[in-house]
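Q: Could you take a close look at one part of this protein for me? I would like a connected account of how its pieces meet.

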Amino acid sequence: MAGTLDQVMPSPIRIEEDEQENIARIKELKARYGERVIVLAHHYQRLGVHACGDVTGDSYALCKAAANTGKARDIIFCGVRFMVTSAATLCRDDQQVFHPDRNAGCPMADMANLPQVLRSWLELGEFVDTRQVIPVVYMNSDLDLKSFCGERNGIVCTSSNARKVFDWSFARGKKIFFFPDEHLGRNTANAYGIPRDEIILWDPAQVNGGHSAQAIEKARVILWKGYCHVHTRYTVDMVHEVRARHPGIKIVVHPECTEDVVKIADAVGSTNFIQEYVRKMKPGDKVAIGTEVNMIHRMSVQNPDKLVIPIVRSLCPNMFKISTRDLRDCLEQLDTWEPVKVDPREKHFAKLALDNMLACAG
Ligand code: SF4
């Protein structure tokens, strides 16, 4: 393309040989199903799958889409398990949610389980009145943890609304118990101006999270010791290195990155924020991004007149599990594909926590 940087990233993953054929078949099947079917696709999905989404976005946007799907009866969710179970919680009773690959999970979500969280809550209760503690669970968590929060007047948050969720929580309690991602919680608490000595890191492997009674009593934000390996891969040295290689380049990162990286970035935000940031850049502008590499690749392809690169390559092995072949199979076999089932009690309480988020974040 004349007058462009002509530096479009190569695909970070091997492209399926039959991708174009699959996409054509997916389009044909979707046209045949009409309004009965809607396909939701997260920003981290591989390019071909993302292109087949009727709605694409970050987990918050897709959560809202699942709650407002109009006439669709069947929701095909191209994302990881915690997103799919959230959609199955928010959709209407006459709708069904299908996951094209049930093996697509999230290692960070697996870093907090219900027995650990219940034990930690009891331990906290030995030092503070837990009626004054608001449990805040990141969307990237199993449904039983969202249910735990809903049952205790807590709330779900995503990376695009964590600040508003902190407002909501401090209007109702004195402390926030935030799980399972330390870094989103810490970056939000830092931006909120919470002093360092009022933020503690709760290690579920240790008695009382590894803290004294005094530290627990003083803490306003209690962060679970969990992380996303895709985003904690980025380091300060990597940022310096990419800035040295591309003078003038902007650094934009996701808030699951460590606070050291967030502090030296030019901008920080959710995947929707990052996508908008890139879209608004001028031709010839340069940006290095700290998030999942399939999304960066897509933005590079969509913005060939801008330099869009990863700080370093960091791939989520779960997010790209769904292939165009999986999506095609799911659509072709929809009448026999097993829908995602959620426990009714978990669904009831998880929905309270999700609805709290939707009401507070708008
Ligand atoms: S990018 Fe990180 S938080 Fe998101 S699904 Fe992958 S491991 Fe989980």
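A: Happy to help; what follows goes through the domains, then the contact between two of them, and ends at the ligand. Please keep in mind that this is a predicted model.

Let's start with the layout. The domain assignment splits the protein chain into three parts: domain 1 covers 19-104 + 319-341, domain 2 covers 109-226, and domain 3 covers 236-310. The part to zoom in on is where domain 2 meets domain 3. Their C-alpha centres are 29 Å apart, and the contact draws on eleven residues from domain 2 and nine residues from domain 3. About 750 Å² is buried between domain 2 and domain 3, with carbon and sulfur atoms giving 45% of that area. On the domain 2 side, the residues losing the most area to domain 3 are Ser159, His183 and Asn187, which together make up 53% of what that side buries.

How many salt bridges are counted between domain 2 and domain 3? The count is one. Arg196 pairs with Glu259 in a salt bridge, and their closest N and O atoms are 2.8 Å apart.

Now for the ligand. The space that the ligand takes is the largest cavity. Around the ligand you will find Tyr44, Val80, Cys106, Pro107, Met108, Asn140, Cys228, His229, Val230, Glu256, Cys316 and Met319. Sorted by character, this shell has nine nonpolar residues, two polar ones and one charged one.

Conventions: Residues numbered from 1 in each chain as written. Predicted model: local features only at pLDDT ≥ 70, side-chain atom pairs only at ≥ 80, totals over all residues. Heavy atoms only, no water. Near = heavy atom within 4 Å. 1 Å grid on protein atoms, 1.4 Å probe; cavity = no way out; pocket = protein on both sides within 12 Å on 5 of 7 lines; lining within 4 Å. Sits in = over half its atoms within 2 Å of the grid points. Nonpolar A, V, L, I, M, F, W, Y, C, P; charged D, E, K, R; others polar. Domains from an automatic or database assignment. Contact = heavy atoms within 4.5 Å. Buried area = accessible area lost by both parts, 1.4 Å probe. Salt bridge = Lys/Arg side-chain N within 4 Å of Asp/Glu carboxyl O.
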